[in-house]
Amino acid sequence: MLSDATPVGASNKRIASLDGVKGFLSLKIAIAHVGFFVAVPWLSHLTGIGRMLSFPVLLFAFGVGTGISKRRKPAWPLVVLGLCLLAASVLNEAFLDSRLAHHFLMEEHPIGHGILHRLLLVSTLTQSAHYADFLQPYLLFLAIALVADRLNKPIRAWNPAVLMGSAFAMHIAGLALASLSYAGPLSVLWRDGYRSFQWAPLFAVGILVGAYRKELLFVKDRPKLQAACLFAACLVGAKLLEDGTSFLRPFVGSHGDLWKEGDIVANVGGLIAGILLFAAYSNLTILVKGPGMQAVERVGKRAIVSLCIQMIVLPLAGLVAVHFRQMPIRSAIGLGAWLGFAILVMNWERLIASLRKQGHSDEKYVVPEVRPSEAEQLAGAH
């Protein structure tokens, strides 16, 4: 993965920077969503700074990870994402039903009809489920990367001109298709929720950064005072970039949510903000060390799992919270759900290892139950 010119230990520091940003944004997005699911606005406002750039930067980080990784893409993340999108759509729409039934004011409205009709709309990408639609771009781009691997044409090895040309072709096609009245199967990829086609250039640039410019993620040794100043400057720069992106978007005809439409200004803003946040986290690792940083990075290493778990845990918490009119109780439920989600993701490796160990123990336990005649036959066969 590393060239001969790469400094010793740079790989681990690179991974720390990439996983740290992904982990931080995953946790930040989750607590922002909690505020909606338990109807406690102050929780969402608590993480409102930089909210509009959270999705673009996270998508860019996924692109960088795709560009860095040379291993063959496994199919399980795509399967898990697809199943999670369906499960989350059912839970989220059920939550909206319950929230309306309990007379909580909101702008969102559930998809009409019953569960089967909703699953049909979501599975055919005809309509987006509320708050689960941000999974769609990852599903599309992971599917493209997986197919490319199976064709022995890994996406990170594509000619940069071909990769960017394909990405911009998707972007332009998305803009053109969004102007049509068609609203059938696959239409959510360019006209509803997070418009995957329009975000293709940002993901593609992330791949190129991971494949050819991964040194941008390296942690460079520097004095702590200098690191602190650079850390603060990167955060201020990211905030100014968010404001500047919001200001410029109307000039290209975009007036909707920054994190959904995927116009070219938002793509460029997400790219620059991603680089700034990578630099900010790299400098933060010089200033702060310990289990807290390691926990955030563990979340980043399992970002797909993180996105899936929060889309299951949080609406379940919302289904409980809507039965209480007292905001302190709903706040406690929301914070408890977020904490449970965070602990689960941070300890995901231990949980999987424990389950595997338990599985091996069960296999050993059933061996004595083999009947003597069968054991003799097995012995004779050998």
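Me: Why does R249 count as buried?

Reply: R249 has a relative accessibility of 4%. Buried means under 20% relative accessible area, exposed means over 50%, and partly exposed lies in between (1.4 Å probe, protein chains only). Because 4% is under 20%, R249 counts as buried. This is a predicted model, in which local features need pLDDT of at least 70 and side-chain atom pairs count only at pLDDT 80 or more, while totals for chains, interfaces and linings use all residues. Residues are numbered from 1 along each chain as its sequence is written, and side-chain values use heavy atoms, with hydrogens and water left out.

Me: What makes D263 and R249 a salt bridge?

Reply: The closest N and O atoms of D263 and R249 are 2.6 Å apart. A salt bridge requires a side-chain nitrogen of Lys or Arg within 4 Å of a carboxyl oxygen of Asp or Glu, so this pair satisfies the rule. The partners are 14 residues apart and link distant parts of the chain, with D263 in the loop between α11 (258–261) and α12, and R249 in the loop between α10 and α11. D263, at 5% relative accessibility, is also buried.

Me: How do you know that E349 and R302 form a salt bridge?

Reply: Their closest N and O atoms lie 2.9 Å apart, which is within the limit, so the pair qualifies. E349 belongs to helix α16 (residues 348–366), whereas R302 sits in the loop between α13 (291–301) and α14 (303–321), so the bridge ties together parts 47 residues apart in sequence. E349 is partly exposed at 46%, and R302 is partly exposed at 22%. Elsewhere, K239, E242 and D243 are joined into one network by salt bridges that share partners.

Me: Why is D243 called partly exposed?

Reply: The relative accessibility of D243 is 39%, a value between the two limits, so D243 is partly exposed. K239, at 34%, falls in the partly exposed class too. D243 forms a salt bridge with K239, with the closest N and O atoms 3.5 Å apart. Both residues lie in helix α10, 4 residues apart, which is about one turn of the helix. The structure holds 7 salt bridges.

Me: Why is C84 not joined to C308 by a disulfide?

Reply: In general, a disulfide is a covalent bond between the sulfur atoms of two cysteines. The rule used here asks for a pair of cysteine sulfur atoms within 2.5 Å. The closest cysteine sulfur to that of C84 is in C308, at 3.7 Å, which is too far for a bond. The count by this rule is 0 disulfides. C84 is buried, at 6% relative accessibility, whereas C229 is partly exposed, at 48%.

Me: Which residues make the nonpolar surface patch?

Reply: F168, F247, L248, F251, V252, I264, V268 and I272 form a patch of about 740 Å². Helices α10 (224–248) and α12 (264–287) each give two or more residues to the patch, and α12 gives the largest share, 3 residues. A nonpolar patch takes residues with over 30% relative accessible area and no salt bridge, and joins side chains of Val, Leu, Ile, Met, Phe, Trp or Tyr within 5 Å (like charges are joined within 9 Å). V268, in helix α12, has a relative accessible area of 41%, so V268 passes the 30% limit.

Note on methods. Areas by Shrake-Rupley, 256 points an atom, 1.4 Å probe, with all protein chains shown as cover.
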